[in-house]
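Reader: I would like to learn how to read an interface between two protein chains. Where should one begin?

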Protein chains: 2
Amino acid sequence: MSDDLTDAQAGQIPAGYKPLNWTRGFGRQIGPLYERYQGDVCSLGFRVEEHHTNGLANCHGGMLMTVADVAWGRAISVARSHFWVTVRLTCDFLSGAKLGEWVEGDSEILAEEDDVYTVRGTLRAGDRVLMTGTAVYKVIGPREPRPGEKAYVEAARG
Amino acid sequence: MSDDLTDAQAGQIPAGYKPLNWTRGFGRQIGPLYERYQGDVCSLGFRVEEHHTNGLANCHGGMLMTVADVAWGRAISVARSHFWVTVRLTCDFLSGAKLGEWVEGDSEILAEEDDVYTVRGTLRAGDRVLMTGTAVYKVIGPREPRPGEKAYVEAARG
């Protein structure tokens, strides 16, 4: 567990999730975020804190879209050790997330053609679906495999 | 001008823009943001700082979508003194914004039916279009008019 978390933050993370060590930029600003690998599925999650809220004390739509963008792109990161950029993101807002709720999301790849991936994703709070959507990502170049990813696990096996 | 801005921030705001006094929640976390009224058009803008960047030192897509969500909804705020929520947002990423660039956006209302608004919006950096998209918002209830809005200006005229 990271030394950077308050006790309240560290005590409220669902089993299997580990904090992302994002120490700069927008990722740090909106964090902390967490990831969990279960087989080939990587989920991203976070707990709604005060600095994520809108004027109604719910999670701001911009935060949900940011997590959708990152979480749904993980399906590509798991499949390939490549950088990618977002081409199009369509988000349907179905329900709000309240202050204190745990929000998590993942996606499945619908199609891959010429390094362009189309994925379908979801964000949930418990059994409640907060957001569904479709994203188009473009792979732009290779990078080192990261822990949890297929290529990393295979390389570690030797 | 707000006392909250650094000299570097205050010195780099295009003419006509005033800082939004968002002192809490996600709005404060991702700020500072600025607004400008020109006739019936309200634009939102910000300068890309370190805390807005992704791993490529460009503005993070989540930040651009957050600003799109808020900026494009302004067309409704100008027309009606009502709260609204986002129903669907589709964002096409056309170009990136670099650290230090000024980004601004606005929208036009395409349709209004049963308190559901469809708007078409844009984000730009200078002459470069960064993002286009379509948003669907639902009006949920009345609020007090704010400076710059039609109802506020008309009420001030008496």
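The dialogue below goes through the interface of chain A and chain B.

Author: Begin with the origin of the coordinates: this is a predicted model.

Reader: How many residues does each chain give to the contact?

Author: A contact list is a count for each side. Here 31 residues come from chain B and 31 residues from chain A.

Reader: How much area is buried between chain B and chain A, and what share do carbon and sulfur atoms give?

Author: The area and its atom types are read together. About 2,600 Å² is buried between the two chains, and carbon and sulfur atoms give 54% of that. On the side of chain B, 23% of the area buried against chain A is supplied by B:Phe26, B:Gln29 and B:Met65, more than by any other three residues.

Reader: How many salt bridges and polar contacts lie between chain B and chain A?

Author: A salt bridge is counted when a side-chain nitrogen of Lys or Arg lies within 4 Å of a carboxyl oxygen of Asp or Glu. The rule finds four across this interface, while the structure holds 14 over all chains. One of the interface pairs joins B:Arg28 to A:Glu50, at 3.2 Å from N to O. The count of residue pairs in polar contact between the two chains is 16.

Reader: Which elements of chain B give two or more residues to the side that touches chain A?

Author: They are helix H2 (25–30), helix H3 (61–79) and strand S4 (82–93) of chain B. S4(B) has the largest share of that side, with eight residues. Sorted by class, the side has eleven nonpolar, 14 polar and six charged residues.

Reader: In which sense do strand S4 of chain A and S4(B) pair, parallel or antiparallel?

Author: The sense is antiparallel, over five bridges. In this pairing A:Asp92 stands opposite B:Arg88. B:Arg88 and A:Asp92 also form a salt bridge, with the closest N and O atoms 2.5 Å apart. That salt bridge crosses between chains, from strand S4 of chain B to strand S4 of chain A.

Reader: What rotation superposes chain B on chain A?

Author: Read the angle together with the shift along the axis. The rotation is 180° with 0.0 Å of shift, and the RMSD is 0.0 Å. That is the relation of a two-fold axis. Of the residues of chain B, B:Thr90 comes closest to the rotation axis, its C-alpha being at 2.1 Å.

Reader: Why do the copies meet through the same surface?

Author: Compare the two residue lists. The surface is the same because 100% of the interface residues of chain B are also interface residues in chain A.

Notes:
Residues numbered from 1 in each chain as written. Chains lettered and ligands numbered in written order. Predicted model: local features only at pLDDT ≥ 70, side-chain atom pairs only at ≥ 80, totals over all residues. Heavy atoms only, no water. Contact = heavy atoms within 4.5 Å. Buried area = accessible area lost by both parts, 1.4 Å probe. Polar contact = N/O pair within 3.5 Å; in protein donor to acceptor, adjacent residues only side chain to side chain. Helix = DSSP H or I, 4+ residues; strand = E, 2+ residues; numbered from the N terminus. Nonpolar A, V, L, I, M, F, W, Y, C, P; charged D, E, K, R; others polar. Pairing = 2+ DSSP bridges. Least-squares fit on C-alpha atoms with pLDDT ≥ 70 in both.
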